[in-house]
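Subject: Structure handover

Hello,

Here is the structure for you to take over. Please open it first, then read the notes below.

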Amino acid sequence: MTLHAPDGYIDEDAFDPNKKSNPRMGKMFFSKLRGCAACHGDKADSGVASGPTLYNAGERLQAAYVYNYIKDPQRFDPMVWMPALELTEKDLQRLTAYVMSLKAER
């Protein structure tokens with residue numbers, strides 16, 4: 001967790017871990033409704049090719065960073081392939097909560 005975004009990129013209070021977020025809805029958004037699983041894997045052996053695997057994101061990423069990156073990936077890297085999905089606040093909370101729930105199986 002030593003990587004840091006440039007000043008002003010992260011709204012530290014944007015993700016609210018206290019908001020109720022159904023993990024099944026977050027998984028459904030990730031895998032089916034928003035197409036995240038086309039590029040990102042949520043399991044260690046998912047075999048994705050174009051995006052970083054997220055199977056252990058909850059252990060290595062900060063929730064505020066994940067939220068803000070999902071919201072506007074081109075702000076962080078104008079050349080990134082990840083699309084800006086224009087998600088609602090509720091969808092951003094769901095997806096962030098799901099990604100943060102991902103832990104490596106031990």
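**Salt bridges**

D42 and K43 form a salt bridge, with 3.8 Å between the closest N and O atoms. Please bear in mind that this is a predicted model.

D42 also pairs with K27. In that salt bridge the closest N and O atoms are 3.1 Å apart. K27 sits in helix α1, while D42 sits in the loop between α1 and α2 (57-60). They are 15 residues apart, and the pair links distant parts of the chain. Taken together, K27, D42 and K43 are linked in a network of salt bridges.

How exposed are these residues? D42 has a relative accessibility of 15%, so it counts as buried. K27 has a relative accessible area of 33%, so it is partly exposed. K43 reaches 45% relative accessibility and counts as partly exposed.

The general idea is simple: side chains of opposite charge can pair when their charged atoms come close.

How many salt bridges does the structure hold? The total is 3. Besides the two at D42, there is one between R94 and D91. Its N to O distance is 3.3 Å. R94 and D91 both belong to helix α5. They are 3 residues apart there, about one turn of the helix. Both R94 and D91 are buried.

**More on D91, and a look at L85**

For D91 the relative accessible area is 7%. That is under 20%, so D91 counts as buried. D91 also has a partner in space that is distant in sequence. R34 is 57 residues away along the chain, yet the two C-alpha atoms are separated by 9.4 Å.

L85 and G35 make another such pair. They are 50 residues apart in sequence and 9.9 Å apart in space, C-alpha to C-alpha. L85 is found in the loop between α4 (73-76) and α5. L85 is partly exposed, with a relative accessible area of 32%.

**The second largest pocket**

Next, a pocket to look at. The second largest pocket holds about 190 Å³ of space. Which residues line the second largest pocket? One stretch of the lining is D42, K43, A44 and D45. Y55 is there too. The others are S101, L102, K103, A104 and E105. By type, the lining residues divide into 5 charged, 4 nonpolar and 1 polar.

D42 and K43 therefore turn up twice in these notes: they line this pocket, and they form a salt bridge with each other.

**Aromatic pairs**

How many aromatic pairs does a search of the whole structure find? It finds 4. One of them is F30 with Y98. Their ring centres are 5.4 Å apart and their planes are at 50°, so the pair is tilted. F30 lies in helix α1 (residues 23-33) and Y98 in helix α5 (residues 89-101). The pair therefore ties together parts that are 68 residues apart in sequence. Are F30 and Y98 buried or exposed? Both are buried.

Y69 and F76 form another aromatic pair. This one is tilted as well, with 5.1 Å centre to centre and 45° between the planes. Ring pairs also bring in Y65: Y65, Y69 and F76 are linked into a cluster.

**Cysteines**

How many disulfides does the structure hold? The count is 0. C36 is in no disulfide. Its nearest cysteine sulfur is that of C39, 8.9 Å away. Why do C36 and C39 not bond? The two sulfurs are too far apart for a bond at 8.9 Å. A disulfide would need the sulfur atoms within 2.5 Å.

The two cysteines also fall into separate exposure classes. C36 has a relative accessibility of 15% and counts as buried. C39 has a relative accessible area of 31% and is partly exposed.

**Where to start**

I would begin with D42 in the viewer. From D42, follow the salt bridges to K27 and K43. Then turn to helix α5, where R94 and D91 lie. Y98 lies in helix α5 too, and its ring pairs with that of F30 in helix α1.

Best wishes

Definitions and conventions. Residues numbered from 1 in each chain as written. Predicted model: local features only at pLDDT ≥ 70, side-chain atom pairs only at ≥ 80, totals over all residues. Heavy atoms only, no water. 1 Å grid on protein atoms, 1.4 Å probe; cavity = no way out; pocket = protein on both sides within 12 Å on 5 of 7 lines; lining within 4 Å. Points joined across faces, edges and corners; volume = space filled by probe spheres on them. Nonpolar A, V, L, I, M, F, W, Y, C, P; charged D, E, K, R; others polar. Phe/Tyr/Trp six-rings, centres within 6.5 Å; stacked < 30°, edge-to-face > 60°. Helix = DSSP H or I, 4+ residues; strand = E, 2+ residues; numbered from the N terminus. Buried < 20%, exposed > 50% of the residue type's maximum accessible area, 1.4 Å probe, protein only. Salt bridge = Lys/Arg side-chain N within 4 Å of Asp/Glu carboxyl O.
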